[in-house]
Amino acid sequence: MSETPLLDELEKGPWPSFIKEMKRMAAVKPYAKNVLLQLERSYKEKVTHWKHGGIVGVRGYGGGVIGRYSDLPSDVMPTPEVHTLRVAQPAGWFYSTKALRKLCDVWEKYGTGFINLHGSTGDIILLGAPTAALQPCFEELTSIGFDLGGSGSDVRSLSCCGGPAFCQWSCIDTLDIYHELTMEFQDEIHRPRFPYKFKIKISGCPNDCVAALARADLAIIGTWRDSIKIDQDAVREYAKQGVNIAAVAARCPPQALEWDGKELRVIPEDCTRCMKCLGALPKAILPGDDRGVTILLGGKATILQGAFLGWVIVPFMKAEKPYTELKNLIRKILDWWDENARTRERIGELVYRLGMRNFLKAVGLPPVPQMVYVPRANPYYFWSPEELEEVK
Amino acid sequence: MAAEKKYITDIGPPHYKEMVHPVLLKNYGKWRYHEYVAPGVIKHVSMNGEEVYMVRAAIPKIVSVYFVRELCDIADKYSDGYVKFTSRHNVEFIVTDKKKLDALLKELKDRGWPVGGTGRSLKAIIHTQGWVHCHTAIIDAPGLAKALYDELYEYFVRDDLPGKLKIAIACCLNMCGAVHCSDLAFVGMHRKPPVVNDDIVSRLCEIPTLVASCPTAAIRPAPEKKSVVVNEDRCMYCGNCYTVCPGMFIHNPKYDCLSMWVGGNAVAGGPPEFSRLAIPYLPNNPPRWPEAVQAAKKVIETWIKHAKKGERIGDWIKRIGWERFFTLTGIPFTDKHIDDFIFSVPTFRTTTLFKWR
């Protein structure tokens, strides 16, 4: 009889099964098998059997390793230490098979051999290694060119879309910005010293394929401030093929497109860069040439005061190597947050508590209408003493 | 004396220029357009006319090193030893020789790797790690994802849904998955306050941090026992106290459950929307969670039947109204659906304009 009757149910069906994958490791590694058997027990009892992580890690780092211990007695779970390593992914999740194979060899040697490709933040997740294996595993990982990512109250591993590597819409070099910022903030990523986590994500265009706006404390999203570029011959070619150009123009949310049967014109100052027409006529419309980023702050999931979507703090910033202005702004934001936040308070919640007024002043950003949908409807605003001095 | 081995730290991830396929590097920033060729196959064309086919396949997310090596074998054979993963954790093979395309698709089919997830299809499910790793997991997201995928398989390999369909699963309210902005989402939920273990709290936890962790101020210090007490009427079972202190044991398999959320999105082209509560209680029923899977299927089928082309679930609901959504899906509306947390009032209907059903 099977030792895992409940998990076996998840080997059925057309979708590839993670249980099958776990069993492949369990067949050759007793350590991996113990984890599988504990999982079966969780399925039976409908409860997790992992305890809070203890302080484990590698020399010189505070983050990157998640401590994990089983709560089961040793006769049931003889190997209670099953820690996780978060390994920083290359920009845009591009890999050579050479690099992936090396990673597999190291991980097969030290851990369960289970890999989560990838974790929600973006890291390669190496699932399950005993305490004694952490340091040698880390040293072998760095010897093949990989490093740990973030965990705990630090700047978490960044993530970015594939950008200019294959997409015509990318207004910025997402891969390079990812790599440059990751290298700039190595200390902040590896050594937790902040009130809580801080996530940075980079998308090449407003389509935001890494959902930076919803999932990052700081979202860096490529954009342009001149006009979309329309290739009229390509538009007419679409029309000839039967594409209803008038309908594309009619679906433009701010009504910034006009089609007279021969030419598709845009009113650049009315365009909000929603990407709808670029998606409908990919061969005919491209982003403009004056490119940079819009920066949004505060996105997060529900814990504690509710989910926030990131809001605009910088409508436009040029993003050219070495990204000095961007790096300086991030440092200012991190410092202000570090100085003012309570324990486990994300930057969005801090701004909610202290107000945009204080935030903007502290980091030196000018208030602009692009920051809000509507101005306030209540009369309870503040004046600083300096502003009153000006009135006299 | 042998030189001491240098201790390497802070090298960061491998540089992308060593990881990106040479043809993609050659055309870096010079792409002209892309188009869907078939479900799972996107053709990218560069300014100088070079063509690349990206073939998207699903993986079981939690995999073995053997699986990754097989993935490398396929990439060596068809995409010159390079591969990429998407932001929703699919794998993409980069095919520069069109003649290899059919053979790759056949090999993926023979191996049972679903090809799809492009255009108006079910996208790969974003989910958390569940009971295989986590101490706060209420449900096992990987297991529920597998059960959902088996039932919704066709929607991944086809691309004729009204709009794209993004599903996310979070094992608990920490929401490591992107449940708060998904077309359809599940979240594992507690329904009882934590049980305080005074011994653990007094030995292992910092009391002020623990008290401050509660969003509803339901936790008060109890100095006489160097522990805390919970005002159970105020507790909303978020589990934040358990995250900061193992002495606030909140798991309770008898009462723990799932909730289902719909209508969120995080895309441009319209302001993003949060997912909204559809079903406050579904049983936590491993190994295949049939009630949750059927509830998702019901909403998805209702959407397919009633939505206009181009409408995601949230767009469709916005057009017909939430009152119609509950009528069409047959999901009962309860007091749980009416927000009573801190940003509730703007969600109340402040007009006489509504539909009767």
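Q: How many residues of domain 2 of chain B are in contact with domain 1 of chain B?
A: A word on the ground rules: this is a predicted model in which local features need pLDDT of at least 70 and side-chain atom pairs count only at pLDDT 80 or more, while totals for chains, interfaces and linings use all residues. Residues are numbered from 1 along each chain as its sequence is written, and chains are lettered from A and ligands numbered from 1 in the order in which they are written. With two residues in contact if their C-beta atoms, placed from the backbone, lie within 7 Å, nine residues of domain 1 of chain B touch domain 2 of chain B, and the number on the domain 2 side is ten.

Q: On that side of domain 1 of chain B, how many residues are charged?
A: Ala, Val, Leu, Ile, Met, Phe, Trp, Tyr, Cys and Pro count as nonpolar, Asp, Glu, Lys and Arg as charged, and the others, Gly among them, as polar. The side of domain 1 of chain B that touches domain 2 of chain B then has five nonpolar and two polar residues, and its charged residues number two.

Q: How far apart are the centres of domains 1 and 2 of chain B?
A: Chain B is divided into domain 1 (16-115), domain 2 (122-190 + 253-347) and domain 3 (195-249), with bounds from an automatic or database domain assignment. Taken over C-alpha atoms, the centres of domains 1 and 2 of chain B are separated by 29 Å.

Q: How many charged residues does domain 1 of chain A have on the side that touches domain 2 of chain A?
A: Chain A is divided into domain 1 (5-143), domain 2 (159-225 + 290-388) and domain 3 (229-286). The centres of domain 1 and domain 2 of chain A lie 32 Å apart, taken over C-alpha atoms. Their contact takes ten residues from domain 1 and 16 residues from domain 2 of chain A. On the domain 1 side of chain A, four residues are nonpolar and six polar; the number of charged residues is zero, that is, no charged.

Q: Which element gives the largest share of the side of chain B that touches chain A?
A: The contact between the chains takes 95 residues from chain B and 95 residues from chain A. Elements of chain B that give two or more residues to it include β1 (31-38), β5 (82-85) and α4 (141-157); helices (H or I, at least four residues) and strands (E, at least two) are DSSP runs, numbered from the N terminus. The largest share, eight residues, comes from α2(B).

Q: What is the bridge partner of A:Phe94 in β5(B)?
A: Strands pair if DSSP finds at least two bridges between them. Strand β5 (residues 94-96) of chain A and β5(B) run antiparallel and are joined by three bridges. Within this pairing across the chains, the partner of A:Phe94 is B:Lys84.

Q: Which residue in the turn between β1(B) and β2(B) has a positive phi?
A: Strand β1(B) runs antiparallel to β2 (residues 41-46) of chain B, with six bridges joining them. One of the bridge pairs is B:Ala38 with B:Val41. The two strands form a hairpin with two residues between them, and the turn residue with a positive phi of about 90° is B:Gly40.

Q: Which residue of β3(B) is the bridge partner of B:Val41?
A: Strand β2(B) also pairs with β3(B), in the antiparallel sense over five bridges. These two form a hairpin with four residues between them, where B:Gly49 in the turn has a positive phi of about 90°. The partner of B:Val41 in β3(B) is B:Val55.

Q: Which are the edge strands of the five-stranded open sheet in chain A?
A: This sheet has mixed pairing and the order β8-β9-β10-β15-β16. An edge strand pairs on one side only, and the two in chain A are β8 (159-160) and β16.

Q: Which residue of β16(A) stands opposite A:Val293?
A: Strand β15 (residues 291-297) of chain A pairs with β16(A) in the antiparallel sense over four bridges. Opposite A:Val293 stands A:Met317.

Q: Why do the buried residues of α12(A) lie on the same side of the helix?
A: Counting a residue as buried if 20 or more other C-beta atoms lie within 10 Å of its own, exposed if 12 or fewer, and partly exposed in between, with C-beta atoms placed from the backbone, the buried ones are A:Leu326, A:Ile330, A:Ile333 and A:Trp337. They are on the same side because the arc they cover around the axis, taken from the directions from the helix axis to the C-beta atoms, is only 65°.
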